[in-house]
Amino acid sequence: MADDKKSLIDSLRKAGLSAAAITAAWPSWWTEEAEESPSGRAELRFALARRLGLEPRPLLGERVEFVWNDEAKFKHLNAQDEAQRAALTSFGMSIGRLLLRATPAQVTAAAPADILREAILVGNAYVDLNSLVATCWTLGIPVIYLRVFPLDTKSMHAMVVRSDGRFAILLGRDATYPAPVAFTLAHELGHAMLGHLDGAPALIDLEDPALAHDGDDQEDEADRFALTLLTGSPDPDIQTNLDRFNAPTLARAVLDVARQYRIEPGTLALCVAHRTRAWPVAMSALKFIYAEPKPAWREVNGIADRMIVWDDLGDDAALYLRNVMIGGDA
């Protein structure tokens, strides 16, 4: 029956799904004995369908249909074709729903950015990535980094999933320093809190919202939400008294005033970059602001690992979610 397995994988690959996503979704109970059984082969297809967001019955005939085909909102839409958009949406929805199953629900109304900021500042010097992730979980909004993607190219910066009135946030492109990720997360939280999904099952930012400017009102609103949450103002007027500065001098300046302004130093550097268009200098300054480079996904998924109620998922589903959160890294 090896040909049956190969045929199934070929069908999934032709639909645009990455080898990593298929491997992560492949159930741990699959054995040669199960492969010999018609019921085992059927159960395999139903398991893959649940995890990859596919319609199960067409898969029995080696035909791939995505559950959420044309329902998500895509921001900064580029040349992605319909099949790729369906794969992104369906995979993200399946992961988001799995996360919500293992996250205790909270009765929380949509909160304005300034109120959330005040709450975070009660116990923190400023709003940084760690405190922002923790706040999302407190609100019943799980946040993870995807280390396995449905497509061979990542093709997604971040995604908000909506299910039964609840939200999950999936981050895509990793960063070495936390400040850019904090803005992305605050932006996605803004989409959820501002009602931007508007009945859609998901909203997907294909590009970095900090750099994309395409006149989308909802994107502008989410940006203002993020800036208010991170800095206290929807349009922070962060000035420098230097006509010219380099990365080390900018880093020293923002480290000196961060606690005074109650703005995380890396975020301050990015605000200067936004005002002066000195993005290369600001990004280089991050190397001097933080003690060492560290993939943001480790911090985000480390918090998620502690917050997820793994026993609510069952062994096989828990293993699948862990695979997606770890990818090829131990």
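The mean positions of the 33 positive and 46 negative charges of the protein are 2 Å apart. Keep in mind as you read on that this is a predicted model.

**Overall build**

Let's look at the whole fold next. The protein contains 15 helices and 5 strands. Its radius of gyration is 21 Å, close to the 20 Å that the globule rule gives for 330 residues, so the protein is as compact as a globular protein of that length. Along the principal axes, the C-alpha atoms fill a box of roughly 75 × 40 × 35 Å.

Of the 330 residues, 52% are buried. If you count contacts with a separation of 6 or more, 74% of them come from residues 24 or more positions apart. The protein exposes about 15100 Å², and carbon and sulfur atoms supply 50% of that area.

**A helix under cover**

Helix α8 is a good place to zoom in. In this helix, residues 129-138, 7 of the 10 residues are buried, so α8 is largely enclosed by the rest of the structure. The buried residues are Leu 129, Ser 131, Leu 132, Val 133, Thr 135, Cys 136 and Trp 137. What lies over them? The cover includes the helices α7 (113-121), α9, α10 (217-231) and α14 (296-307), together with the strand β2 (143-145). An α-helix has 3.6 residues a turn, so residues three or four places apart point the same way. After α8 comes Gly 140, with a positive phi near 80°.

**A tryptophan cluster**

Now for the aromatic rings. The structure holds 3 aromatic pairs. In one of them, Trp 26 and Trp 30 meet edge-to-face, with 6.4 Å centre to centre and 85° between the planes. Another edge-to-face pair joins Trp 29 and Trp 30, at 6.0 Å centre to centre and 65° between the planes. Trp 26, Trp 29 and Trp 30 belong to one aromatic cluster.

How accessible are these side chains, buried or exposed? Both Trp 26 and Trp 30 are buried. Trp 30 counts as buried because its relative accessibility is 12%, under the 20% limit. Trp 29, on the other hand, is partly exposed, with a relative accessible area of 32%.

**Two aspartates with positive phi**

The backbone has some points to check as well. Most residues other than glycine have a negative phi. Which way does phi go at Asp 164, positive or negative? Phi of Asp 164 is positive, near 55°, and this residue lies in the loop between β3 (158-163) and β4 (166-171). Asp 198 also has a positive phi, near 45°, and is found in the loop between α9 (178-193) and β5 (202-205).

Here are the two residues side by side:

| Residue | Phi | Relative accessible area |
|---|---|---|
| Asp 164 | near 55° | 77% |
| Asp 198 | near 45° | 64% |

Asp 164 is exposed, and Asp 198 is exposed too. The cut-off that matters here is a relative accessible area over 50%.

**Back to the helix**

The α9 that precedes the loop of Asp 198 is also among the elements that cover the buried residues of α8. If you have the structure open, you can start from Trp 137, one of the buried residues of α8, and look for the covering elements, including α14 (296-307) and α10 (217-231).

Notes. Residues numbered from 1 in each chain as written. Predicted model: local features only at pLDDT ≥ 70, side-chain atom pairs only at ≥ 80, totals over all residues. Heavy atoms only, no water. Helix = DSSP H or I, 4+ residues; strand = E, 2+ residues; numbered from the N terminus. Rg over C-alpha atoms; globule rule 2.2 N^0.38 Å. Buried < 20%, exposed > 50% of the residue type's maximum accessible area, 1.4 Å probe, protein only. Contact = heavy atoms within 4.5 Å. Areas by Shrake-Rupley, 256 points an atom, 1.4 Å probe, with all protein chains shown as cover. Lys, Arg positive; Asp, Glu negative; His and termini not counted. Charge placed at Lys NZ, Arg CZ, Asp CG, Glu CD. Phe/Tyr/Trp six-rings, centres within 6.5 Å; stacked < 30°, edge-to-face > 60°.
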